[in-house]
Amino acid sequence: MARPREFEKPTGVRDLPPELAIRKRLIENHVQERFQRWGYREVVTPALEYFETVGDASAIQEHKLFKLLDRQGQTLVLRPDQTAPIARMAASIMKEESLPMRLFYHANVFRAQEREAGRHTEFFQSGVELIGGESPEEDAEVIALATESLQMCQIDPLQLTVGHIGLLEGLLKQYVHSDQEVARLKESLGRRDLVSYQERVKELHLDKESGEGLLSLLRLRGDPSILRRICKQVSSPSVEAAAQHLMEIWEALEDWGVADFVRLDLSLVGSLDYYTGFYFEGYGADGVYLASGGRYDGLLGQFGRPAPARGFALKTDRLMEASHGSWADHKEKLAVVYPQKMRRQAFAQADELRRQGNSVTLFKVEANQDLPSKVQDFSRMIRLEVSRDG
């Protein structure tokens, strides 16, 4: 195997030069302001976790995990997502805290990818987890907060698509009685592979009515009228309960004032299989995928503290590209140029300017020297010179 050259990086990781680093940090600061105003508190989890705890609990497929061994022979993983580590934290060091808990994070996560152009193995997320509570208001809260966070990033147009995993499974089981076949159909929907879904429906060799019923699920999109229609057509307590809960979420979103940004899609399935209730995704212009989240009621129980929960993650890397905002650092950047004899005065003036909120860089230049070319990058230059009388 050829040895990598000294300037090469592993596939799927990247450097962020100053202009991109500033853009990333300012986006994180904007969404953090939203999170905190809604009563969420920041948590930080380690980049390394035990495979047997977080690795097993995570919904990320094992072949996408980065594994390594510690000196005791324990298998570790680089965190593949943030939901499982926060669930571990909520069930361990925060186990005495009453529910609900509202937590937020900024983090990098790691997932091994195939060698495909544009796919990152390390990427950045900002998100929230609302742990505890079962009401539609709490479910609607994370959708409303995701909407407001994306608006803060000046995503326009903005569209959120909402489905319900339990409702979809109930509808599939109206026509398919094998859990394995239901899982296969959901897997095709999760990959957005409608051709595969249609082919798998054909392979089931169902009667015409059942086959058409499965294909009709692809068209269950729009407003809450589709939920009312389902309740009239399907006699299933689980489907009716899920449809009613989704209706109540919609009504809460109307009261939040964000329903205009939301569309129902009952064929929507996330790529992570721990979702059990509502699930949603956020998109910007040209269908750019920017956020995802939903309800996951089984995860906390794996760490010994069963509780309903829901949350979402913003795809920070994609927000950096999709945002219409100006994310430059607008602080005035000043260059203070001074000779050796005026170093004390230059340092004092730089301190005063920084207290006023400016960004200040110092350059020592003697009288017979040209100004450094870097000075041209600053919005203003202040030059200190020794007076003629010394």
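**Tyr274 and its surroundings in a two-domain predicted model**

Tyr274 is buried, with a relative accessible area of 9%, in a model of the protein chain that is predicted. The residue lies in the loop that connects strand E9 (262-265) to strand E10 (278-283). When neighbours within four places in sequence are left aside, the contacts of Tyr274 are with Ala59, Asp81, Thr83, Arg295 and Tyr296. With Thr83 there is also a polar contact, made between the two side chains at 3.3 Å. Tyr274 belongs to a group of positions that UniProt, in an unreviewed entry, lists under "binding site", the group being Asp81, Gln82, Thr83, Arg111, Gln125, Glu129, Tyr274 and Tyr275.

Thr83, the polar partner of Tyr274, is one of the residues of helix H3 that are buried, together with Ala84, Pro85, Ile86, Ala87, Met89 and Ala90. Helix H3, which spans residues 83-90, is accordingly described as mostly covered, with seven of its eight residues buried. The elements against which these buried residues pack are strand E2 (48-50), helix H2 (51-57), strand E5 (101-110) and strand E6.

Strand E6 (residues 122-131) holds another of the positions listed in the record, since Gln125 is placed within that strand. Gln125 has a relative accessible area of 3%, and because the limit for a buried residue is under 20%, Gln125 is counted as buried. The residues touched by Gln125, not counting those up to four places away in sequence, fall into two stretches of numbering: Tyr105, His106, Ala107, Val109 and Arg111 on the one hand, and Ala313, Leu314, Lys315 and Thr316 on the other. Of these contacts, Arg111 is itself among the positions that UniProt lists for "binding site" in the unreviewed entry.

Strand E10, at the end of the loop that carries Tyr274, is largely enclosed by the rest of the structure, because six of its six residues are buried. Both of its faces are covered, with Phe278, Phe280 and Gly282 buried on one side and Tyr279, Glu281 and Tyr283 buried on the other. Strand E10 is joined to strand E7 (residues 159-164) by six bridges, the two strands running antiparallel, and it pairs with strand E11 (residues 289-295), likewise in the antiparallel sense, over five bridges. Glu281 of strand E10 has a partner in each of these strands, standing opposite Thr161 and having Ser292 of strand E11 as a bridge partner. In the hairpin formed by E10 and E11, five residues lie between the strands, and Asp286 takes a positive phi near 60°.

Helical segments elsewhere in the chain also contain buried residues. Thr147, located in helix H4 (residues 136-152), counts as buried at 0% relative accessibility. Leaving out residues up to four places away in sequence, Thr147 touches Leu158, Leu160, Val258 and Phe261. Helix H5 (residues 165-172) is mostly covered, six of its eight residues being buried, and these are Ile165, Leu167, Leu168, Gly170, Leu171 and Leu172.

The domain assignment divides the protein chain into domain 1 (18-322) and domain 2 (333-383), and the centres of the two domains, taken over C-alpha atoms, are separated by 50 Å. Within the second of these ranges, an open sheet of three strands has the order E14-E13-E15, with parallel pairing. Strand E14 (359-364) and strand E15 (380-383) are the edge strands, each pairing on one side only, and neighbouring strands of the sheet are turned by 25° against each other on average when direction is ignored. Strand E13 (residues 333-338) runs parallel to E14 and is joined to it by six bridges, and Ala335 has Thr361 in E14 as its bridge partner. Helix H12 (residues 343-355) lies across E13, E14 and E15, and runs at about 170° to E14.

Taken as a whole, the protein chain has 12 helices and 15 strands, and its C-alpha atoms fill a box of roughly 100 × 55 × 45 Å along the principal axes. Of its 390 residues, 48% count as buried. Among contacts with a separation of 6 or more, 69% are accounted for by residues 24 or more positions apart.

Conventions. Residues are numbered from 1 along each chain as its sequence is written. This is a predicted model: local features need pLDDT of at least 70, side-chain atom pairs count only at pLDDT 80 or more; totals for chains, interfaces and linings use all residues. Side-chain values use heavy atoms; hydrogens and water are left out. Domain bounds come from an automatic or database domain assignment. Two strands pair if DSSP finds at least two bridges between them. Helices (H or I, at least four residues) and strands (E, at least two) are DSSP runs, numbered from the N terminus. Axes are lines fitted to C-alpha atoms, for helices over the stretch in contact, and angles run from 0 to 180 degrees between N-to-C directions. Contact means heavy atoms within 4.5 Å. UniProt positions are given in the numbering used here, feature names are shortened, and annotations may be inferred rather than shown by experiment. Buried means under 20% relative accessible area, exposed over 50%, partly exposed in between (1.4 Å probe, protein chains only). A polar contact is a pair of N or O atoms within 3.5 Å; within protein, one must be able to donate a hydrogen and the other to accept it, and residues adjacent in sequence count only if both atoms are side-chain atoms.
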